[in-house]
Amino acid sequence: MINFEYIRVATPKAAVDALVKYSVAQWIAGGTNLVDLMKKGVTAPQKLVDINNLALKEIKKEGNGLRIGALALNSAVADSELVQKEQPLLVQALQAGASQQIRNMATVGGNMMQRTRCPYFYNTDMPCNKRQPGQGCGALKGYNRMHAIFGASDKCIAVHPSDMCVALAALDATVLVTGPKGTRSIPFLSFHRLPGELPQKDNTLERGELITGIDIPANAFCKATHYLKVRDRSSYAFALVSVAAAVDMQRNTIRDVRLAMGGVAHKPWRLTAAENFLKGKEAIEANFGQAAQLAMQGAKGYGHNNFKLKLAPNAIVEALKTAVGKS
Ligand code: SF4
């Protein structure tokens, strides 16, 4: 690890100013990903700006919805009675992520900003366009079992590792940010990006823009939700495939539904075609299966990850069955 300077700031403005002033600076909160990246030489900030003292930890009602501060711990969100009551899908996704110890350190904003766990990205002896643009992608023709089946490019086939973000994508959350040009809101689905020609860029934030919180609008999904995470071992493993399913039922009919997947793309992958198909349909396995087939249109394997082409539709059906109590 390289030597670095460390400073603390107390306000969002001071945090933004520090990043604008020092081109070699990075913010640190829980550090559960950043410190690993620094140890492995993937990133080498010369100044760390500690933002843990910012007053951005609150979890509260905002209008009819919820507002969660960017520095709220993953464990605090999962343990919040308010979130458990109003957005159980988010709680289920958080509980599926990492370990209790990591959830006790990791923040909501940091969870969104975490980098891919592609092994080539973490190994500085291997080529990786995300770490070093122009080097090539080691995973494209290498060992790509964990990699994307949707939205990849010939520059990068990595996936976003978060579980929390999959639920937030399904729940139509909004990201609140502040930066050198003021504040703005970003729809969650526009926050993370596909790799395209710029795989080094994970999201649509501009330099100096700080996440201050998340808004989740009120919805009618709290009675039928399920976050299904398929992984190699039952805890502390990243998703091979995950599905966030939230259903608003009227008797046995689906009045409305939200579906998103993790472990399949460079960003949380919303299943809009499947959602549209299911609205107004009976909640039966045959309809879930048809929705899953619609969701898989355009999917592409890269060799070792071809098994996801079968696993993903099966996971969609299973998540929906569980959400509506027909598992
Ligand atoms: Fe790097 Fe992306 Fe290729 Fe992995 S998939 S080696 S992160 S460019």
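How many residues of the shell around the ligand are nonpolar, polar and charged? The shell divides into 10 nonpolar, 3 polar and 2 charged residues; here Ala, Val, Leu, Ile, Met, Phe, Trp, Tyr, Cys and Pro count as nonpolar, Asp, Glu, Lys and Arg as charged, and the others, Gly among them, as polar.

The model is predicted: local features need pLDDT of at least 70, side-chain atom pairs count only at pLDDT 80 or more, and totals for chains, interfaces and linings use all residues. Residues are numbered from 1 along each chain as its sequence is written, and side-chain values use heavy atoms, with hydrogens and water left out.

**First selection: the ligand.** Select the ligand and the 15 residues that surround it, each with a heavy atom within 4 Å of it. The closest are Cys118, Cys128, Cys137, Cys156 and Ile157.

**Second selection: the largest cavity.** The ligand sits in this cavity, meaning that more than half of its atoms lie within 2 Å of the cavity's grid points. A cavity is a set of points, on a 1 Å grid over the protein atoms alone, where a 1.4 Å probe fits but cannot get out; lining residues have an atom within 4 Å of a point. The largest cavity holds about 90 Å³ of space. Among its 16 lining residues, Cys118, Cys128, Cys137, Cys156 and Ala158 are the closest to its centre. The lining comprises 10 nonpolar, 4 polar and 2 charged residues.

**Third selection: the second largest cavity.** Its volume, the space filled by probe spheres set on the points, is about 50 Å³. Select its lining, including Gln114, Arg115, Lys130, Asp202 and His266. By class, this lining has 3 nonpolar, 4 polar and 3 charged residues.

Key
1 Å grid on protein atoms, 1.4 Å probe; cavity = no way out; pocket = protein on both sides within 12 Å on 5 of 7 lines; lining within 4 Å.
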